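Biologist: Got a minute to go through this model with me? I'd like to jump around a bit.

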Protein chains: 2
Amino acid sequence: MTWSARTRSENIKSFKENKLDLLIIGGGVTGAGVALHGAARNIQTGLIDMQDFAGGTSSRSTKLVHGGLRYLKQFDVELVADVAKERTVIGKNAPHIAQPSYMLMPVYDETGASFNKFTAEVVLHLYDYLAEVDEEWAHYMVEKEEVLKAEPSLKEADLNAGGFYLDYTNDDARLTIETIKKAHEYGAIIANYVKAVDFLYDDQKQIKGIIAKDMLTEEEFEIEAGIVINAAGPWSDEVRNHKDAQTEQKMFPTKGVHFVVSHDKLPINRTIYTDTGQDDNRMIFVIPRGNKTYFGTTDTPFEGPYEDPEITEEDIDYLLKAINHRFEGIHLTVNDLESSWAGLRPLIQDENNSDPSGISRGHDIFVEEDGLITIAGGKLTDYRRMAEDAFRVIDEKWKEASISFDSVDTKSIPLSGGDVSDPNNFQAFIESKREKGTALGLTEEEADSLADWYGTNVDTVYEMVDKAKSYDMPLKDALQLAYALEHEMALTPEDFFARRTDTLLFAIDKMEALKEPVLDAFEKELNWSKEDREFWNQQLNDRMAETSLQQFKYN
Amino acid sequence: MTWSARTRSENIKSFKENKLDLLIIGGGVTGAGVALHGAARNIQTGLIDMQDFAGGTSSRSTKLVHGGLRYLKQFDVELVADVAKERTVIGKNAPHIAQPSYMLMPVYDETGASFNKFTAEVVLHLYDYLAEVDEEWAHYMVEKEEVLKAEPSLKEADLNAGGFYLDYTNDDARLTIETIKKAHEYGAIIANYVKAVDFLYDDQKQIKGIIAKDMLTEEEFEIEAGIVINAAGPWSDEVRNHKDAQTEQKMFPTKGVHFVVSHDKLPINRTIYTDTGQDDNRMIFVIPRGNKTYFGTTDTPFEGPYEDPEITEEDIDYLLKAINHRFEGIHLTVNDLESSWAGLRPLIQDENNSDPSGISRGHDIFVEEDGLITIAGGKLTDYRRMAEDAFRVIDEKWKEASISFDSVDTKSIPLSGGDVSDPNNFQAFIESKREKGTALGLTEEEADSLADWYGTNVDTVYEMVDKAKSYDMPLKDALQLAYALEHEMALTPEDFFARRTDTLLFAIDKMEALKEPVLDAFEKELNWSKEDREFWNQQLNDRMAETSLQQFKYN
């Protein structure tokens with residue numbers, strides 16, 4: 001079942017010709033969840049995004065599936081319980097994306113420390129209790145010596161103890177795309193780079209569809225839909241305010257910045273979750289990933305523009321200070337920062353709380369007078385439940401109109417690539433696919449890495465071997481590119497480098513060698529003109545300069 | 001071992017003649033704890049109180065030994081863990097005072113509700129976890145129907161669920177007096193109605209004692225002591241500010257009011273801990289006790305005077321509104337309020353928090369330049385640990401002076417009357433003493449009640465039978481009076497009615513019949529003049545009028 005630029009053209013044709021039951025604006029993880037839920041119920045579901053899938057917030061998170069341990073300090077137990085239990089659901093339905101692992105929270109005797117040894121133990125106990133964590137993954141506390149043995153790079157001074165606890169690593173963009181691919185399998189009609197520019201109204205002044213714009217061709221067309229749901233994340237207010245509808249501002253995003261360094265420069269063995277040590281009531285994650293280490297995040301109010309939020313010198317100084325404070329003998333400078341990203345948390349205004357770190361990060365659903373439904377806020381990990389909540393509102397509207405659809409329990413729907421026989425032993429799955437990869441000429445490590453990245457879809461990836469061999473690049477990259485073009489609706493090199501793979505973020509050193517052959521492949525497969533190629537080449541160069549923080553570096 | 005007005009005269013003589021190692025100002029539960037800890041270590045310890053023991057805060061609490069469940073909403077887990085674990089210690093060392101029982105927290109769907117069904121369950125789980133509660137006393141949640149079956153008086157509307165959880169009933173004044181009696185057994189020199197009016201200084205401007213005043217004779221005298229510790233509760237600042245020492249205000253007490261009604265008027269089967277339902281972020285206790293029910297408390301800043309804080313019409317309106325809101329078909333008016341008390345929480349200023357209900361109620365110890373140590377704040381339940389903390393500071397001072405004393409673990413010292421063989425089966429103890437009581441002419445119920453009230457001291461109570469029979473009142477009351485005079489240093493009728501027994505608060509209807517014979521007995525035993533008798537008669541009448549809220553009642 002292919003899902004490519006050709007599929008997209010067919011889908012746009014279908015949008016023009018058929019009336020949908022439900023149209024989702026926004027192909028981030030929230031919209032993806034709604035699309036899967038809808039399509040699985042045989043609801044005629046459409047989804048569009050003005051950028052690529054996960055192009056906004058959903059590819060710019062800390063890339064964990066976590067329950068929000070920190071919110072327990074505010075006794076926000078419901079949010080944490082809901083979200084933390086969803087970790088298990090995602091781990092089961094997408095073992096190739098979310099994998100359980102022990103993370104370490106060191107406890108320092110320091111001014112403004114979030115937790116001391118005792119409260120750390122209580123909060124980790126509560127976290128496990130709320131998440132209903134299995135005994136085998138229960139948290140445990142260790143003394144200072146054990147912390148340093150596990151993570152010798154941590155600063156020794158003022159270190160008191162540490163807690164090991166379960167959380168899940170993740171790739172946010174992959175989570176979004178595998179959800180969307182599954183929605184596609186169930187029949188959802190999906191297109192990236194299609195923007196909602198205005199609404200269509202019936203004579204009751206109720207929304208009956210949208211005016212859409214193909215952002216690649218600039219063509220405008222109408223999409224009719226019984227219900228339109230706005231899942232545009234930080235752009236939710238912009239969607240709500242199309243033309244006449246002037247509604248109050250609800251979204252007050254904050255920016256979160258992450259940096260990537262070579263693992264040698266910040267050698268850690270597992271995810272570390274720690275106070276910044278700056279007495280600012282904030283905590284940061286430091287996460288090893290392949291031969292890189294990344295860390296973040298900041299949390300500062302952000303006013304826009306929302307596309308590619310800028311990283312500032314203050315962001316760099318803030319995170320470097322925190323890291324250099326927390327780790328012994330580590331003196332990172334801006335020149336060590338290989339890659340970076342900045343994302344926006346789609347926070348909903350809470351009039352009772354002006355401190356962004358203090359806001360509880362729940363989600364909300366509001367219905368406009370013209371029938372527009374907006375689902376906003378929420379945590380990445382919670383996206384499946386957010387879709388359930390959205391359908392509570394949507395089903396209510398259908399009930400009034402005497403329309404009904406099948407029911408579904410999305411808890412038991414594996415995402416695309418996630419249908420492995422024993423999700424709890426994903427390593428066994430990887431090993432079972434090793435030979436198939438090495439037979440094609442991949443190293444064992446490459447084969448394992450592809451099985452890990454694509455899950456059960458790795459079989460389809462390997463089916464692309466003939467096409468892949470026509471590309472002038474290493475086989476592993478070529479297989480990924482061929483699969484992205486044919487099965488993951490990659491339309492631009494950045495789609496491939498930033499969201500179908502993590503090359504731009506975690507292997508930016510490979511970009512120079514891959515850039516030209518990838519552009520060649522896109523040119524050929526998508527029938528680009530010379531101007532097209534020049535445009536996307538420039539776009540990619542700009543993005544690389546930005547990602548590598550070139551403007552901040554010195555010689 | 002008697003402990004009476006005669007003992008007090010001997011003790012005052014001893015104060016004049018001997019230098020103490022340690023003098024405690026304040027015979028509330030805090031001072032009592034310090035006295036027991038000190039005396040048990042063979043430290044020459046003295047204790048004075050300007051009123052009766054427990055005459056201030058320590059006889060005016062909600063009369064529970066509880067861990068502060070509510071503070072968990074602020075994730076104040078350390079305070080709760082410390083305090084909740086002390087419940088067990090008190091239950092073991094004073095089973096005649098603190099007894100475990102299931103209390104009920106109903107959960108309402110109401111604006112401003114502290115907890116919903118889920119957060120209630122989490123907070124009760126956390127409470128048990130922090131207190132290390134045995135499985136047999138673990139909390140459990142029940143549905144609405146079960147709540148109403150257990151407590152049919154509760155309002156049904158908006159009721160959602162309920163949680164049963166362990167806490168301990170208590171009598172605060174008895175806890176204080178049994179602690180002081182134990183300190184006396186260990187050799188502490190103790191006197192009520194002796195006030196510290198000024199300090200004595202050595203040539204290093206260090207406090208070396210106090211000028212004391214016998215409040216009954218107005219005689220002033222000196223007490224020398226190596227260390228003076230101020231445990232005067234709300235009066236701590238007043239003690240600190242004697243004469244020259246002008247120090248900043250630290251105590252910002254809040255007033256807490258309680259009312260007693262006939263159990264028929266508010267028929268409940270167990271302690272209920274509930275929101276006020278007034279959307280004010282406050283919770284109240286409603287507690288059955290014999291044939292009465294009492295409820296409270298308010299929490300309002302109070303500026304003084306600190307002796308007998310006044311109850312206002314607002315206090316009455318506030319609590320009646322909360323009770324009448326929460327219970328079905330209950331329409332209490334001020335005329336139903338049989339008795340009342342108002343106490344002051346000795347809160348230490350927390351500059352970061354202006355909301356009295358939001359202040360964490362920990363304790364603090366501060367040392368003045370002149371050597372005065374003040375221990376203030378804290379929760380009743382935590383008094384034993386507060387004494388331990390005080391001695392950390394005191395021992396530090398002694399260490400500097402190369403003085404050392406025995407060590408002690410007060411966890412394993414039963415209070416006076418508490419040395420029963422199996423504290424976990426106190427009912428068996430009560431039954432074992434039944435026959436001894438009935439042999440004297442008491443009913444079984446009376447005998448049980450005395451064993452319950454006095455614990456192992458009930459044997460001494462029964463030894464007072466000849467003296468008791470000389471008083472013109474029912475035998476049970478007469479035994480209590482004889483014991484209070486001979487073994488509990490009761491000096492005034494109010495000492496007897498309000499703090500050696502709970503007659504004034506929970507059996508005010510018996511006061512009219514008992515008043516004259518009790519005054520007769522005091523007159524005889526303490527060699528009162530006619531003027532003395534008239535003075536204490538008037539004092540008691542005033543107190544009864546105040547306690548019964550006469551000025552607020554209508555015909």
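Modeller: Sure. This is a predicted model, and between domain 1 of chain A and domain 3 of chain A there are nine residue pairs in polar contact, both at pLDDT 80 or more.

Biologist: Which elements of chain A give two or more residues to the domain 1 side there?

Modeller: On the side of domain 1 of chain A that touches domain 3 of chain A, those are helix 1 (5-17), helix 6 (172-185) and strand 7 (189-191) of chain A. By class, that side has nine nonpolar, four polar and six charged residues.

Biologist: And how many salt bridges across the interface of domain 1 and domain 3 of chain A?

Modeller: Five salt bridges turn up across it. A:Lys181 forms a salt bridge with A:Glu488, for instance, and their closest N and O atoms are 2.7 Å apart. In general, side chains of opposite charge can pair when their charged atoms come close.

Biologist: What area is buried between domain 1 and domain 3 of chain A?

Modeller: About 1200 Å², with carbon and sulfur atoms giving 54% of the area buried between domain 1 of chain A and domain 3 of chain A. In residues, 19 from domain 1 of chain A are in contact with 13 from domain 3 of chain A. The centres of domain 1 and domain 3 of chain A, taken over C-alpha atoms, are separated by 28 Å.

Biologist: Back up a step. Into which domains is chain A divided?

Modeller: Domain 1 takes 5-57 + 173-251 + 360-412, domain 2 takes 89-171 + 252-353, and domain 3 is 464-552.

Biologist: OK, on to the two chains. How much do chain B and chain A bury between them?

Modeller: About 1500 Å², 74% of it on carbon and sulfur atoms. The contact takes 17 residues from chain B and 17 residues from chain A.

Biologist: What's the count of salt bridges between chain B and chain A?

Modeller: Zero salt bridges between chain B and chain A. Polar contact is there, though: three residue pairs across the interface of chain B and chain A, both at pLDDT 80 or more.

Biologist: Which helices of chain B each supply at least two residues to the side that touches chain A?

Modeller: Helix 3 (77-93) and helix 4 (117-131) of chain B each do that. Helix 4 of chain B gives the most to that side, with nine residues. The side of chain B that touches chain A divides into ten nonpolar, four polar and three charged residues.

Biologist: What turn and shift lay chain B on chain A?

Modeller: A turn of 179° and a shift of 0.0 Å along the axis, with an RMSD of 0.0 Å for chain B on chain A. The two copies are thus related as by a two-fold rotation axis. The same surface serves both copies, and 100% of the contact residues of chain B recur in chain A.

Biologist: New topic: how many salt bridges are there over all chains?

Modeller: The count comes to 102 salt bridges over all chains. One of interest is where the side chains of B:Glu132 and B:Lys85 meet, at 3.8 Å from N to O. B:Glu132 lies in the loop between helix 4 and strand 5 (140-143) of chain B and B:Lys85 in helix 3 of chain B, so the pair ties together parts that are 47 residues apart in sequence.

Biologist: Now the backbone. Which peptide bond has omega near 25°?

Modeller: The one from B:Gly296 to B:Thr297, which is cis. B:Thr297 is in the loop between strand 14 (292-296) and strand 15 (300-301) of chain B. The bond from B:Gly304 to B:Pro305 is cis too, with omega near 0°. B:Pro305 has its place in the loop between strand 15 and helix 8 (313-326) of chain B.

Biologist: And what's phi of A:Asp279, positive or negative?

Modeller: Positive, near 55°, in a residue other than glycine. Most residues other than glycine have a negative phi, and most peptide bonds are trans. A:Asp279 lies in the loop between strand 12 (272-275) and strand 13 (283-289) of chain A.

How values were computed
Residues numbered from 1 in each chain as written. Chains lettered and ligands numbered in written order. Predicted model: local features only at pLDDT ≥ 70, side-chain atom pairs only at ≥ 80, totals over all residues. Heavy atoms only, no water. Contact = heavy atoms within 4.5 Å. Buried area = accessible area lost by both parts, 1.4 Å probe. Salt bridge = Lys/Arg side-chain N within 4 Å of Asp/Glu carboxyl O. Polar contact = N/O pair within 3.5 Å; in protein donor to acceptor, adjacent residues only side chain to side chain. Helix = DSSP H or I, 4+ residues; strand = E, 2+ residues; numbered from the N terminus. Nonpolar A, V, L, I, M, F, W, Y, C, P; charged D, E, K, R; others polar. Least-squares fit on C-alpha atoms with pLDDT ≥ 70 in both. Domains from an automatic or database assignment.
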